[in-house]
Each structure stands twice: as C-alpha cells, then as structure tokens.
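Trainee: Could you take a close look at the cysteines for me, and then walk me outward to the helices around that part of the fold?

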Amino acid sequence: MAATTLTVHVVNKAGDLSGRFDANHLKTCCSTLQKYFEDAIKPVATYNAVSVRSDSKQGDVKGGDLVCYLLTTPSDSIVATRATTDITLGASGSTMLGSADKAVVSEVYMRQIVQGGDPRGNATTNRETLVANCILHELAHNLCDATTPIVKDIHKVQKGVICRETDSSPLSGTDAPNSVDNEVIAGGLTRRTGGVKQYAGGMPA
C-alpha cells in the first residue's frame, strides 16, 4: 500500500481567549504539532507526511485522520454530552469513545491550559507549545487506549514526557515528546491499521 499523509484536524471552538490565543498562536501550535507527528511517523510504513489543519470541515475527515477540539472550558465538553455514564473530565483535556456511534472525541480546555483556568489570567509562557503538548497527549489516548483492544495505557507509560499520568504533574510549555512518546504514538499508528473513527459532529458543516 502506498504511504499517505497523516492528517490531524485541530478544531478551534474556543475563539481567541480575548487575544491570548489568536490566529498566530494557533498557527504556531499547529506547526509544533506537525513536527511532533513527523518525528513519530518515521518508523510507520503507512505514513510519509503529516498535515495539521485548523480550517477543516466535517466532510474533510477521512479514515486514518485524527481530530482534536479546542474548547474554552470543560463546561463546553463534547465528551460530557456524549457520555452515557457519569464521567470525570481531565483537567486540561479528555478523550472518550462514544458508545452509540463508536467514534472517539478528543478535546482540550484552552482557558485551563493557557490561563490556568482564570478568565482574566495572563497567558502562560510557551502557550503554543503547551497547547500542542496537551493535544498530543489526548491524541495519544485517541490512538492507543480509547478503543479496544488497548495498544498502550497512556497513563501507565514509564519515562514518557507527553505519554504519562498527568494529574499529579501537568504538562508544561517546556516539555517535548521524547523517544518513548514517539514509540508509543508510532505503535498506535501501526496497530490501528484502519485508523480510529473520529467524531466530526462538532466541526463546521
């Protein structure tokens, strides 16, 4: 099979946080995320390039793509509206399989990541990298442990920087994926040969 491009759709539903995460910040974040995935796909025969898009519509999502929603706060959660049981959302993001449509949603909470949860809070340093790190963490869940059989439990990865338990020690803007993270993500991309079905219902039509 010919190698293809891995397309990652970043869907910004959070606006620009009053200028604290504007179009330029988003662009920088997407190019950082693209570099991360370019490193991760090196051993994966299926993919030979990465495209990270922030202008996608529902119809643009194809098999093998990944989608992550940028939401303002957990109260905007798509995961929560699709959950059939009581769930606890992650502090800075959540990923979950929908029981009815078997599609996975990944989402990150921008006010928490960029402003520490305070609507009037100043933007954190390295905000673009921090958002990219949180997106990568959620997409690692999306690929590796949101559906069965689980490839890898992301919170049990040892010595990962992005793939690890983040509740006790949140990701920072100076973190970057290491070889362990790349191996975990490559493993997910390799094992999920048909890709993971992504939820596109929150994207523009």
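Mentor: Sure, let's begin with C68: its relative accessibility is 0%, so C68 counts as buried. Keep in mind as we go that this is a predicted model. C68 takes part in no disulfide, and the nearest cysteine sulfur, on C29, sits 9.1 Å away. A pair has to come within 2.5 Å to be called a disulfide, and by that rule the count for the model is zero. C144 is in no disulfide either: its nearest cysteine sulfur belongs to C163, at 6.7 Å. With 0% relative accessibility, C144 counts as buried too.

From there, on to helix 4, which covers residues 127–144. Of its 18 residues, 16 are buried, so helix 4 is largely enclosed by the rest of the structure. Its length checks out as well: at 1.5 Å a residue those 18 residues should span 26 Å, and the end C-alpha atoms are indeed 26 Å apart.

Part of what packs against helix 4 comes from helix 5, whose buried residues also pack against strand 1 (4–12), helix 1 and strand 2 (47–53). The buried residues in question are D181, N182, V184, I185, A186, G188 and L189. Run the same length check on helix 5 and you get agreement again: 13 residues at 1.5 Å each should give 18 Å, and its end C-alpha atoms are 18 Å apart.

Now for the way helix 5 meets helix 1. The axes of helix 1 (residues 23–40) and helix 5 (residues 179–191) come within 8 Å and cross at roughly 75°. That crossing makes helix 1 roughly perpendicular to helix 5. On the helix 1 side the contact involves Y36, F37, D39 and A40, while helix 5 brings in N182, I185 and A186. Sorted by type, the residues of this contact are five nonpolar, one polar and one charged.

For a contrast with those buried cysteines, try N122, in the loop between helix 3 (110–115) and helix 4. N122 has 68% relative accessibility, so it counts as exposed. Setting aside neighbours within four places in sequence, N122 is in contact with R20, V114 and Q115. If you want a distance to check in your viewer, N122 and S75 are 47 residues apart in sequence and 21 Å apart in space, C-alpha to C-alpha.

Key:
Residues numbered from 1 in each chain as written. Predicted model: local features only at pLDDT ≥ 70, side-chain atom pairs only at ≥ 80, totals over all residues. Heavy atoms only, no water. Helix = DSSP H or I, 4+ residues; strand = E, 2+ residues; numbered from the N terminus. Expected span 1.5 Å × (residues − 1). Buried < 20%, exposed > 50% of the residue type's maximum accessible area, 1.4 Å probe, protein only. Axes fitted to C-alpha atoms, helices over the stretch in contact; angles between N-to-C directions. Parallel < 35°, antiparallel > 145°, perpendicular 65-115°, else oblique. Contact = heavy atoms within 4.5 Å. Nonpolar A, V, L, I, M, F, W, Y, C, P; charged D, E, K, R; others polar.
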